[in-house]
Amino acid sequence: MSAFVSITAAIAVVVLAIACWPLWRGKQSVLAAVTIVIGTVIGIGVYNRTSNYDPNKPGRALTLNEQLGELRQMAASRPNEPAGWQKLCNALRGAGDPGNAIAACEKAYAVSDKTDAGIMLDYAEALAQHDPSSVIGEAGHLIENALRVEPTSIRALWYGGSVAAARGDRELAATRFEAMLRPDTPPEIRDILVANIRELRGQNAPPAPPPTEPAAGKEIAVDIRVADSVGPLPDGATLFLIATTAAGGPPLGVVRQRASVLPATLAIGDGNAMIQGRNISSQETVRLVARVSTSGQPAAQPGDRYGQLDNIDVASTDKVVLTIDQTVK
């Protein structure tokens, strides 16, 4: 798979399809769209750049705390090398510790030669995870600098377009999104980009395609309930049902609904896959997470309610019961 497809599969398909498309079609504010976009990228994409877990290798996989401990030692042992601080920053973001992640990314940037766009973008993501409004502040400046260093970078162009939209410069945002339209751009990504470009320029966006039937394949029926202990759910909250492997990583499937439907039975299966070839049928067991998000982001935020089931047998036809009984601290 080309570098373009691998990057845009993680950033454009997941992020744009889940977040931006409904927001722009609904005429919501562009800044709100940018906030959700950055949250989604952080929640889903960080794992790919930080995890060294290899399920094909024998032996026990390191726990999250053990991995973080090793990364801290590596960074501290070579304090003037930005790579160690950058890896630590990304791992801390994936672990949901944005405060310490910012400190690690700040060190990576400080000891770098200020010409590494990846370090700038990672630092910007850490800042935006902690404070989404920073896309029009410090995070935005880092993204603009990254674009100057790598003006053709897909990742920098996407963030650069989002920052321009957040500032109200819709033409610049459209121009930057246009630069992502290349000969090898997958059709589904091209369609979403073109629709957003038209919307930013005040043109009539093409009508949304009719809903398609889920692709044939495995489905798991999930009876989602809410424990009294978590209290009433916030008005307007969003429910995400997410299937992943035990090791985490990009989702195998995502279902999004209004939280007001709860309690409810939802099906999640191969038709909800985010990345081609990575689906529930490709696994023997999966982890299921149901999260009620006040922010609308699938990445966990303090105050979100959630429940989790591990080691769900994919081959089984039994309905599973998942109770939302915890609160993100």
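**Notebook: an exposed asparagine, then sheets, cores and a disulfide**

Asparagine 311 is exposed, its relative accessible area being 57%. I note at the outset that the model is a predicted one.

**Entry 1. Backbone exceptions**

I located asparagine 311 in strand β6. Its phi is positive, about 55 degrees, although asparagine 311 is not a glycine.

I then looked up lysine 114, where phi is near 65 degrees, again a positive value in a residue other than glycine. Lysine 114 belongs to the loop between α5 and α6. I recorded a relative accessible area of 36% for lysine 114, which is therefore partly exposed.

Where is the cis peptide bond that involves proline 263? I found that this bond runs from leucine 262 to proline 263, with omega near -5 degrees. Proline 263 itself is in the loop between β3 (248–258) and β4.

**Entry 2. Strand pairing around β6**

I returned to β6 to follow its partners. Strand β5 (residues 285–293) and strand β6 (residues 305–313) run antiparallel and are joined by seven bridges. At one position, threonine 285 faces aspartate 313 of β6.

I also checked β6 against strand β8 (residues 326–327), and the two pair in the antiparallel sense over two bridges. Here arginine 305 has threonine 327 in β8 as its bridge partner.

Within β5 I looked up serine 293. Serine 293 counts as buried because its relative accessibility is 0%. Setting aside neighbours within four places in sequence, I list Ala237, Thr238, Phe240 and Asp304 as the contacts of serine 293.

**Entry 3. Strands β1 and β7**

In which sense do strand β1 (residues 219–226) and β7 pair, parallel or antiparallel? I recorded a parallel pairing over five bridges. Aspartate 223 has valine 321 of β7 as its bridge partner.

I next examined the side chains along strand β7 (residues 320–324), which alternate. Val320, Leu322 and Ile324 point to one face and are buried, whereas Val321 and Thr323 point to the other and are not. The bridge partner of aspartate 223, valine 321, is thus entered among the residues of β7 that are not buried.

**Entry 4. Isoleucine 280**

I found isoleucine 280 in the loop between β4 (264–269) and β5. With 0% relative accessibility, isoleucine 280 counts as buried. Neighbours within four places aside, isoleucine 280 is in contact with Lys218, Ile220, Ala243, Leu252, Ile268, Gly269, Asp270, Val286 and Val314. For one of these, valine 314, I noted a C-alpha separation of 7.2 Å from isoleucine 280, the two being 34 residues apart along the chain.

**Entry 5. Nonpolar cores**

Which residues touch the most other members of the largest nonpolar core? Of its 46 residues, I entered Leu88, Tyr123, Phe177 and Met180. The elements giving two or more residues to this core are α3 (64–77), α4, α5, α6 (117–130), α7 (138–149), α8 (154–167), α9 (170–178) and α10 (187–200). Apart from it lies another core, of 23 residues, which includes Ile220, Val222, Ile268 and Leu322. Two of these names, Ile220 and Ile268, I had already listed as contacts of isoleucine 280.

**Entry 6. Tyrosine 123 and its ring partner**

Tyrosine 123 has a relative accessible area of 5% and is therefore buried. Beyond neighbours within four places in sequence, its contacts are Ile102, Cys105, Glu106, Tyr109, Glu138 and Leu142.

I searched the whole structure for aromatic pairs and found two. One of them is formed by tyrosine 109 and tyrosine 123, with 5.8 Å centre to centre and 50 degrees between the planes, a tilted arrangement. Since tyrosine 109 lies in helix α5 and tyrosine 123 in helix α6, the pair ties together parts 14 residues apart in sequence.

The ring of tyrosine 109 has a further entry: the charged end of lysine 114 sits over it, 5.1 Å from its centre.

**Entry 7. The disulfide**

How many disulfides does the count give? I recorded one. It is formed by cysteine 89 and cysteine 105, with the sulfur atoms 2.2 Å apart. Because cysteine 89 is in helix α4 (residues 82–94) and cysteine 105 in helix α5 (residues 98–111), the pair ties together parts 16 residues apart in sequence. The torsion about the S-S bond of cysteine 89 and cysteine 105 is about -90 degrees, so the disulfide is left-handed. I entered both cysteine 89 and cysteine 105 as buried. Cysteine 105 had appeared earlier among the contacts of tyrosine 123.

Notes. Residues numbered from 1 in each chain as written. Predicted model: local features only at pLDDT ≥ 70, side-chain atom pairs only at ≥ 80, totals over all residues. Heavy atoms only, no water. Pairing = 2+ DSSP bridges. Helix = DSSP H or I, 4+ residues; strand = E, 2+ residues; numbered from the N terminus. Buried < 20%, exposed > 50% of the residue type's maximum accessible area, 1.4 Å probe, protein only. Disulfide = S-S within 2.5 Å. Contact = heavy atoms within 4.5 Å. Core = buried A, V, L, I, M, F, W, Y, C linked by side-chain atoms within 4.5 Å. Phe/Tyr/Trp six-rings, centres within 6.5 Å; stacked < 30°, edge-to-face > 60°. Lys NZ or Arg CZ within 6 Å of the ring centre and 35° of its normal.
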